[in-house]
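Trainee: I would like to go through this model step by step. Shall we look at the structure and begin with its cysteines?

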Amino acid sequence: VQLQASGGGLVQPGGSLRLSCAASGSIFSIENMGWYRQAPGQERELVATIRSGGSANYGDSVKGRFTITRDNAKNTLYLQMNSLKPEDTAVYYCTADIRDDFLYNLRSYWGQGTQVTVSS
């Protein structure tokens with residue numbers, strides 16, 4: 001099982017980006033999924049999480065600007081980021097709680113991270 005994040009890049013303040021995270025491998029089911037971010041010299045922080053049924057939770061700094069969604073048929077997680085600010089600059093990591101289809105073990109997986117830079 002692996003997670004592949006994509007969609008990062010350089011954007012001007014006030015702009016938008018959409019991140020994607022595709023899960024692949026021997027997957028039986030995916031429960032919670034989420035995005036975290038880490039800026040240089042700072043601890044990793046919650047951006048947003050979403051349950052399998054679609055209910056979402058957001059970090060205070062992104063509420064009203066970011067939207068987390070998932071496509072369960074495609075095993076893919078998304079993060080729509082609007083009204084981006086320089087302080088949103090960070091490496092964004094996706095995570096998912098996945099049950100494999102061999103031993104049916106549930107464990108957390110992390111993607112490799114994608115850089116988002118907000119700068120003029």
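Trainee: What is the handedness of the link of Cys-21 and Cys-94?
Mentor: Keep in mind that this is a predicted model. The angle about the S-S bond is 65°. With that angle, the link of Cys-21 and Cys-94 is right-handed.

Trainee: Which strands does the pair link?
Mentor: The two cysteines are 73 residues apart, so the pair links distant parts of the chain. Cys-21 belongs to residues 17–24, and Cys-94 to residues 90–100. Those stretches are strand 3 and strand 9.

Trainee: How far apart are the sulfur atoms of Cys-21 and Cys-94?
Mentor: A disulfide is a covalent bond between the sulfur atoms of two cysteines. The cut-off applied here is a pair of cysteine sulfur atoms within 2.5 Å. Cys-21 and Cys-94 form a disulfide, and their sulfur atoms are apart by 2.1 Å.

Trainee: Is Cys-94 buried or exposed?
Mentor: A residue counts as buried under 20% relative accessible area. Its partner Cys-21 has 1%, so Cys-21 is buried. Cys-94 has a relative accessibility of 0%, so Cys-94 also counts as buried.

Trainee: How many helices and strands does the chain have?
Mentor: Read along the sequence, the pattern shows β after β. The secondary structure comes to zero helices and eleven strands.

Trainee: Why is the chain said to be as compact as a globular protein of its length?
Mentor: The globule rule gives 14 Å for 120 residues. The chain is as compact as a globular protein of that length because its radius of gyration is close to that value, at 14 Å.

Trainee: What share of the residues counts as buried?
Mentor: The cut-off is again under 20% relative accessible area. Of the 120 residues of the chain, the buried share is 38%.

Trainee: Where is Arg-65, and is Arg-65 buried or exposed?
Mentor: Arg-65 lies in the loop between strand 6 (56–58) and strand 7 (66–71). Its relative accessible area is 10%, which is under the 20% cut-off, so this loop residue is buried.

Trainee: Which residues is Arg-65 in contact with, leaving aside neighbours within four places in sequence?
Mentor: Contact here requires heavy atoms within 4.5 Å. With those neighbours left aside, the contacts of Arg-65 are Gln-80, Met-81, Asn-82, Ser-83, Leu-84, Lys-85 and Asp-88.

Trainee: How far apart are the mean positions of the positive and negative charges?
Mentor: The chain has 11 positive and 10 negative charges. The distance between their mean positions is 4 Å.

Key. Residues numbered from 1 in each chain as written. Predicted model: local features only at pLDDT ≥ 70, side-chain atom pairs only at ≥ 80, totals over all residues. Heavy atoms only, no water. Helix = DSSP H or I, 4+ residues; strand = E, 2+ residues; numbered from the N terminus. Rg over C-alpha atoms; globule rule 2.2 N^0.38 Å. Buried < 20%, exposed > 50% of the residue type's maximum accessible area, 1.4 Å probe, protein only. Lys, Arg positive; Asp, Glu negative; His and termini not counted. Charge placed at Lys NZ, Arg CZ, Asp CG, Glu CD.
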